[in-house]
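Dear colleague,

I am passing on the structure below, followed by an account of what was found in it. Please read the notes with the model open beside them.

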Amino acid sequence: MRKKLLLLVFVIAIILTNIALPLEAKAITLQEYENKVAEYSKELEDKNNDISISKKKLEEIRQKIAEYEKQIKQAQEESEQLQKEIDKNNAEIEKKHEESKRLIEYYQITNGENAYLEYAFGATDITDMIYRMSIVEQLTEYNDKVMKELQALIEANKQKQQELQKKQEELKELNKKLAEESNKVQGNITAMEGLVPNIKGQLSYYQQRVEYYKSVGCTSDDEIGVDCDVPKAVSGGSYANGLAGANGFVFPVSGSYRLTSNYYWNGSSGHKGLDIVQYCGAPIKAVANGRVYYVGSGKDIYGAKMVMIVHNYNGRLVFSQYAHLSGYAVSEGEDVAAGETIGYMGTSGYSTGCHLHLEMSETKGWDYPDPGNYWSYLKYIVNPYNYIPR
Ligand SMILES: [Zn+2]
């Protein structure tokens, strides 16, 4: 599981490294932040539009389903009504059949022995008898006709019933498809709604940045950290405890220490900085004058406590990053001087013992001035010994 995860992270890292590499190493302008605000505002608006369109569509589908269900119910009721008529007509046929049977029996009797009997005895009422017999014959014929008509009616009703059943099945099939579509649309809505908080988060982040940079006097064309919001300049000079370099940079700890890992970084792999061991809780010092731009453990995937500082080195941005701290002595936005304690040596995050991991970069910090650009930042990491004294 762990191996798979690492592989996945590695693959994503390669993809991101390849697509996120900037064409030129340039500080970000306020305009770019304002563009981001516009971009995320647009994205949020689009997403909300899409959501409301989908919701409308969902409502339409639901209405259609309800309409079809009504039609199915109607067809069902009509079919039941037809069944009642079929039953009624069947009963009528049965009645007529019985009637005919009785009439025929009567006819047979009168036409049979009894008729001859009457004749034999010289019945005077023979006319009446013939008349009655003809009536019976007519009635039987009439019943036959009625029965045939009723039979035809039943057949017609049965056909209608079949048609209704077919219609019902078709409607049910349509509703099944609509239900599937409705699920799909609902799924899309849920997915889109899931993206909204993230977009809102990004938007609010960039809005806050724009607000902040404007409040410190940045204008749209200004490069952040270079033309405005400029961190304390690094200036040459000597510092206490003899650790100062000629260029105004100092070593991050005072007193004796052990170097347990050196810098060996090729832009994508190796060790990104120096591992300096002194003792747990040893004060860690800012390597130069600068401005603290990050304090926290939220950036490192292993939760290492970190302080990140941006330095203005002759108008160029240089970054120093101090990891695995046990605690902090500064807060974000604060200006610090070279040699000032910014935190304490610890073993937080992915670490096997108290040490300081000092990492330095030029132009770009982990996410300053270009937030979320960790993978492009890797390219700008430099050997801390380019700046700090050995
Ligand atoms: Zn390290």
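A residue is taken as buried if 20 or more other C-beta atoms lie within 10 Å of its own. Thr363 has 20 other C-beta atoms within 10 Å, and therefore it counts as buried. Thr363 sits in the loop between β12 and α5 (374-377), and although Thr363 is not a glycine, its phi is positive, at about 75°.

Please keep in mind that this is a predicted model. The average pLDDT of the protein is 85, and 86% of the residues score at least 70. Over residues 9-25, however, the pLDDT is below 50, and this stretch has 13 contacts in the model beyond near neighbours in sequence. Residues 237-243 also have a pLDDT that stays under 50, and for them the model has 13 contacts beyond four places in sequence.

As for the overall picture, the secondary structure comes to five helices and 13 strands, and buried residues make up 26% of the 390 residues in the protein. Among the contacts with a separation of 6 or more, 68% are accounted for by residues 24 or more positions apart.

Which residues of the largest nonpolar core touch the most other members? This core has 45 residues, and those that touch the most other members are Phe249, Val287, Val307, Met308, Ile309, Tyr322 and Leu325. At least two residues of the core are supplied by each of β4 (273-277), β6 (290-296), β7 (306-313), β8 (316-323) and β12, and the largest share, six residues, comes from β7. A second, separate core consists of nine residues, including Tyr33, Tyr213, Cys218 and Ile224. To return to Tyr322 in the largest core, its contacts, leaving aside neighbours within four places in sequence, are Pro252, Ile284, Met306, Val307, Ile342, Gly343, Leu356 and Leu358.

Strand β12, which spans residues 356-362, also holds Glu359. Is Glu359 buried or exposed in this model? Glu359 counts as buried, because it has 23 C-beta neighbours inside 10 Å. Apart from neighbours within four places in sequence, Glu359 is in contact with Lys272, Gly273, Gln321, Ala323 and Ile381. Of these partners, Gly273 is 86 residues away from Glu359 along the chain, yet the C-alpha atoms of the two are separated by 4.5 Å.

A further residue to inspect is Asp229, which has a positive phi of about 50° although it is not a glycine. Asp229 belongs to the loop between α4 (126-215) and β1 (258-261), and since 21 other C-beta atoms lie within 10 Å, Asp229 is buried.

Finally, there is a sheet to describe. Three strands form an open sheet in the order β5-β11-β9, with antiparallel pairing. Its edge strands, each of which pairs on one side only, are β5 (283-285) and β9 (327-328). The pairing between β9 and strand β11 (residues 341-344) is antiparallel and runs over two bridges, and Gly327 has Tyr344 in β11 as its bridge partner.

With kind regards

Conventions:
Residues are numbered from 1 along each chain as its sequence is written. This is a predicted model: local features need pLDDT of at least 70, side-chain atom pairs count only at pLDDT 80 or more; totals for chains, interfaces and linings use all residues. Helices (H or I, at least four residues) and strands (E, at least two) are DSSP runs, numbered from the N terminus. A residue is buried if 20 or more other C-beta atoms lie within 10 Å of its own, exposed if 12 or fewer, and partly exposed in between; C-beta atoms are placed from the backbone. Two residues are in contact if their C-beta atoms, placed from the backbone, lie within 7 Å. A nonpolar core is a set of buried Ala, Val, Leu, Ile, Met, Phe, Trp, Tyr and Cys residues joined through C-beta atoms within 7 Å. pLDDT is the predictor's confidence in each residue, from 0 to 100. Two strands pair if DSSP finds at least two bridges between them.
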